[in-house]
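Me: I am new to this structure and would like a close look at one part of it. Could you walk me through that part and then show how it fits with the rest?

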Amino acid sequence: TPPPATYIHDELHARCLVLDDGIKRVAFVVVDIIGLDRELIDEAKRIIHEENDLPPENVMVSSTHTHSMARATGPKPFDDYQNFIIRRIADAVRKAIYNLQPARIGWGVGSVPEHVFVRRWFMKPGSPVPNPYGGEDKVMMNPGRLNPNIVKPAGEPDPEVSVISVQSLDGKPIALFANYSLHYVGGVPRGHISADYFAVFADRIQELLGADRNDPPFVGIMSNGT
């Protein structure tokens with residue numbers, strides 16, 4: 001939406017982790033963008049299959065939902081912006097496949113509850129909660145904590161940070177893929193492009209692991225949970 005961006009606060013990326021156990025190969029791609037339409041993802045998967053013989057069903061693509069990057073929407077014919085996003089998703093997978101090496105893998109879960117809360121609340125009977133598809137909902141998103149019509153949250157917050165860690169056989173960090181259910185944070189000025197806290201995580205985890213000068217480069221990734 002207008003106005004167009006005027007400044008790059010931090011670069012946007014399509015980050016990829018490819019895993020291969022000798023029998024099956026899978027790719028995970030996380031794109032710094034507010035959202036991606038199915039048509040664009042399907043086209044990226046078609047190119048990935050064509051160029052790398054990787055079946056579309058073995059590729060998972062998600063967006064970080066950063067609010068300072070336009071959504072890639074619309075059916076074919078794709079415009080220049082859409083084609084650019086599609087190409088970069090395919091490039092990320094191709095580059096990750098090129099950089100494959102023998103590795104070991106580990107995983108775990110931590111808890112970071114201080115940043116997450118439930119955004120959807122049950123409302124008192126009779127409260128106006130219009131559904132965008134018609135009719136009325138029972139719960140409202142972001143009704144305001146002081147709203148006199150709120151009853152109780154519609155669920156429990158998910159504080160877990162799930163982590164997949166990939167290292168070379170001698171213990172050198174290759175990639176770390178995390179997932180957290182926090183909405184975007186924001187904070188950059190209007191008109192600035194930013195990958196939000198996902199970019200901060202990717203940069204900082206590389207520093208914490210002492211992997212900021214690796215060759216091939218270490219890949220830090222955080223996906224946006226539900």
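Which residues are exposed on the other side of α2?

Reply: Happy to help! Please keep in mind that this is a predicted model. On the other side of α2, the exposed residues are D80, F84, K95 and Y98. To see what they are opposite to, let us go through the helix step by step.

Helix α2 runs from residue 80 to residue 98, which makes 19 residues. From its first C-alpha to its last it reaches 26 Å, close to the 27 Å expected at 1.5 Å a residue. At the N-terminal end, D79 acts as a cap on α2: one of its side-chain oxygens lies 3.2 Å from the backbone nitrogen of Y81.

Now for the buried residues. In α2 these are Q82, I85, I86, I89, A90, A92, V93, A96 and I97. They lie on the same side of α2 because they cover an arc of only 145° around the axis. The cover over these buried residues includes the strands β2 (14–20), β3 (25–31) and β4 (59–63), together with helix α1 (38–52).

That brings us to the largest nonpolar core, which has 26 residues. Those with the most contacts inside this core are C16, L36, V61, I89 and V93. The elements giving two or more residues to this core are β2, β3, α1, β4 and α2. Of these, α2 gives the most, with eight residues. A good residue to click on is I89: leaving aside neighbours within four places in sequence, I89 is in contact with A14, V29, V31, L36, A44, I48 and V61. There is also a second, separate core, with 12 residues that include V161, L176, L182 and F218.

Next, some places around the helix. I33 sits in the loop between β3 and α1. With a relative accessible area of 0%, I33 is buried, since buried means under 20%. Not counting residues up to four places away in sequence, I33 touches S63, T64, H65, T66, M69, A70, R71, A72, Y81 and I85. Two of these names have come up already: Y81 offers the backbone nitrogen near the D79 cap, and I85 is among the buried residues of α2. For a distance to try in your viewer, the C-alpha atoms of I33 and P75 are separated by 18 Å, and the two residues are 42 apart along the chain.

H65, one of the residues that I33 touches, is in the loop between β4 and α2. H65 is partly exposed, with a relative accessible area of 26%. The backbone of H65 deserves a look too, as its phi is near 70°, a positive value in a residue other than glycine. Most residues other than glycine have a negative phi.

Towards α1, N52 is a residue of that helix, and it is buried, with a relative accessible area of 17%. Leaving aside neighbours within four places in sequence, N52 is in contact with R94 and I97. I97 also belongs to the buried residues of α2.

In the loop between α1 and β4 you will find N58. N58 counts as buried, at 14% relative accessibility. Outside the four places to each side in sequence, N58 touches K24, R25, V26 and A27. The side chain of N58 reaches the backbone oxygen of R25 at 3.0 Å. N58 and A27 are 31 residues apart in sequence, yet their C-alpha atoms are 6.4 Å apart in space.

Finally, let us step back to the whole chain. It has three helices and 12 strands, and its C-alpha trace spans about 60 × 45 × 40 Å along the principal axes. Of its 226 residues, 37% count as buried. Among contacts between residues at least 6 apart in sequence, 70% join residues at least 24 apart. The chain exposes about 13,900 Å², and carbon and sulfur atoms supply 55% of that area.

Two further backbone details are worth finding. D196, in helix α3, has a positive phi of about 65° although it is not a glycine. D196 is buried, with a relative accessible area of 10%. The peptide bond from D215 to P216 is cis, with omega near 0°, and P216 lies in the loop between α3 (196–208) and β12 (219–224). Most peptide bonds are trans.

Note on methods
Residues are numbered from 1 along each chain as its sequence is written. This is a predicted model: local features need pLDDT of at least 70, side-chain atom pairs count only at pLDDT 80 or more; totals for chains, interfaces and linings use all residues. Side-chain values use heavy atoms; hydrogens and water are left out. Helices (H or I, at least four residues) and strands (E, at least two) are DSSP runs, numbered from the N terminus. The expected span of a helix is 1.5 Å times one less than its number of residues. Buried means under 20% relative accessible area, exposed over 50%, partly exposed in between (1.4 Å probe, protein chains only). The arc is that of the directions from the helix axis to the C-beta atoms. Contact means heavy atoms within 4.5 Å. A polar contact is a pair of N or O atoms within 3.5 Å; within protein, one must be able to donate a hydrogen and the other to accept it, and residues adjacent in sequence count only if both atoms are side-chain atoms. Accessible areas come from the Shrake-Rupley method with a 1.4 Å probe; for residues, only the protein chains shown count as cover. A nonpolar core is a set of buried Ala, Val, Leu, Ile, Met, Phe, Trp, Tyr and Cys residues joined through side-chain atoms within 4.5 Å.
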